[in-house]
Amino acid sequence: MEPPAASETVIQGIAASRGIAYGQVFLYLQSELEIPRYTVDPDKRAAEVARFEQALVVTRQQITQIQAQVTKNLGEEEALIFDAHQMVLEDQALIGETIRDFQKTGLNIETCFNAVAQRYIQAFAEIDDEYLRERAADIKDVAKRVLHALLGQSAQTLMALVDQRVIVAADISPSEAAGIDRSAALAIVTDAGSRTSHAVIVARSMKIPAVVGADRLTTLVRNGDWVIVDGYDGVVIVNPTEQTLFRYGKIQQDKQSFETRLMSVNELPAETLDGVAVTLRANIEKPDEVALVKQYRAAGIGLYRTEFLFLSSEKTPTEEEQYAAYREIVAGLAPAPVTIRTLDVGGDKPFPGDPHLIGPEANPFLGFRAIRMCLEYPDLFKCQLRAILRASAHGTVELMYPMISGVEELDRANAVLEEAKAELRARGQAFDPKLRVGTMIEIPSAALAGDLLAEKSDFFSIGTNDLIQYLLAIDRGNNRIAHLYDPSHPAVLRVLRLIVETGHARQRKVSVCGEMAGDSFYVPLLLGLGVDELSMTPTLLPSVKFLVRAMKMSDARKLAEEALRQTDPRRTTALIEAFYNERVKMG
Ligand code: PEP
Ligand code: MG
């Protein structure tokens, strides 16, 4: 390990969410615990048992504290899970067995407790009963806390983060990111990750500045160090000098006045200088973001990532719970359209409700993800489809399937949808009979089979995050190769054009809902290629609208034509940059 940085150190990472923050570090380390193994002298055994009991008391207090914090931040229902955690701590079988093992072997209490806990976790995990299987996750969580207490380490959680701090972590999972208290986190910096990792998308929607790919920052800083996080340029400055602070104060002011300038178009129509109206919609992860969708005047929702409802709860949400969440969004925005995407877990989004449904995989992004998983578990899928259909009675819903690779999958998904409709009819429950059903184009095979898919889809929505990842074979979460993730690559441009052409040949609307749509740099290119609609994180809408209002569609078309003729992506980037800079000047 390297010594902590004493003087100013500048780390270059990847800019992931705009904004500048200055604050103290909260180091969030999720490393695996190392458990020592030794024999306890016979005369110290009573003290060892007392040490165990003390650790249980400390853990109980910790959980009570976190429970209060979560109740305050997220509400009582979210905090209920901690009741189950307290019950684990009171489980006489677990505790009794640990003490018996200890008396029999004389091995230190951490070793005995860990062995017993692992046996329980394994046993519960294999039971064919959903409720009991969930207990495995509870025991795992609590066991980790008890072991931390025994080893004299504090088990940190992002939930327990109370002060205004900059979170520095090796990586953050999407569900951890979703649990961050927006008012407590000044910024997020991770060693790993890329611009399109899901945790970053969540940070962007919460308007928290973020830098990812800040290689080994976690080994350079300590809790309490002061850092500047520059989410515009992807820079982290540890222990900045007075001069740097002064310089950043000035930069922050300039950026703020730039943001104010962008916001000046918020109430104005998204229309180009030559009079072409552009539809700008919002991407959301949670129902409470409807307020942001309205604040930034989006023309509805182009992507609702429903999986976050599943990620933020320990249990798979029931049909009623899903229906309530979907209806809240749909009714809240009616008559504006809401595109609800069916469950897209797997990849970098595990399935906490039932981790065994997916299980460990060598290549999760190429694995059992999204529609592939849903088609294997039709009951789970149909339950979601019924909830979406029921919500469609309260406004304008469009439904779309993620990760479709070809027509056969689309047919199977639509067959389940028909079954869901029939079940609702039998129950006498209302839904919109004219519900439009679209396909996400985010796998190269879907792009190449676009003509076949267009026959059976009401619209296309291009998921550029995955499409580029699969087209260029770049893991979207891997910072070592993040620089190779290039939307200007000729192959990307050609595929985008192909998708637009095949969609339009059958009069299908083609939208883009990947991160490229919210990057004003690439917006003229997408529009020039013929994309009909853009959907993005709500907070990015003003910057995109600003550019739309500053450009002519005829110029964007010329830009796209010229970009398609380029052989070197660097030249394409330069063209796009020049187009952008001529129309949007900083300052
Ligand atoms: C995409 O892949 O571009 C997309 C919008 O879906 P997600 O980022 O949720 O995978
Ligand atoms: Mg995707």
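**View 1. Helices and strands of the whole chain.** In this predicted model, the chain has 24 helices and 16 strands, which are DSSP runs numbered from the N terminus, with helices (H or I) of at least four residues and strands (E) of at least two. The radius of gyration, taken over C-alpha atoms, is 26 Å, close to the 25 Å given by the globule rule for 587 residues, so the chain is as compact as a globular protein of that length; the rule is 2.2 Å times the number of residues to the power 0.38. Residues are numbered from 1 along each chain as its sequence is written, and ligands are numbered from 1 in the order in which they are written. Local features need pLDDT of at least 70, and side-chain atom pairs count only at pLDDT 80 or more.

**View 2. Residues around ligand 1.** Of the 16 residues around ligand 1, those that come nearest are Arg305, Arg341, Gly463, Asn465 and Arg476, where a residue is near if one of its heavy atoms lies within 4 Å. Both β10 (301-305) and α19 (464-472) supply at least two residues of this shell, and α19 gives the largest share, three residues.

**View 3. Polar contacts of ligand 1.** Polar contacts are pairs of N or O atoms within 3.5 Å. An oxygen atom of ligand 1 lies 2.7 Å from a polar backbone atom of asparagine 465, while a backbone N or O atom of threonine 464 is 3.1 Å from an oxygen atom of ligand 1. For glutamate 442, a side-chain N or O atom is 2.9 Å from an oxygen atom of the ligand.

Notes:
Side-chain values use heavy atoms; hydrogens and water are left out. A polar contact is a pair of N or O atoms within 3.5 Å; within protein, one must be able to donate a hydrogen and the other to accept it, and residues adjacent in sequence count only if both atoms are side-chain atoms.
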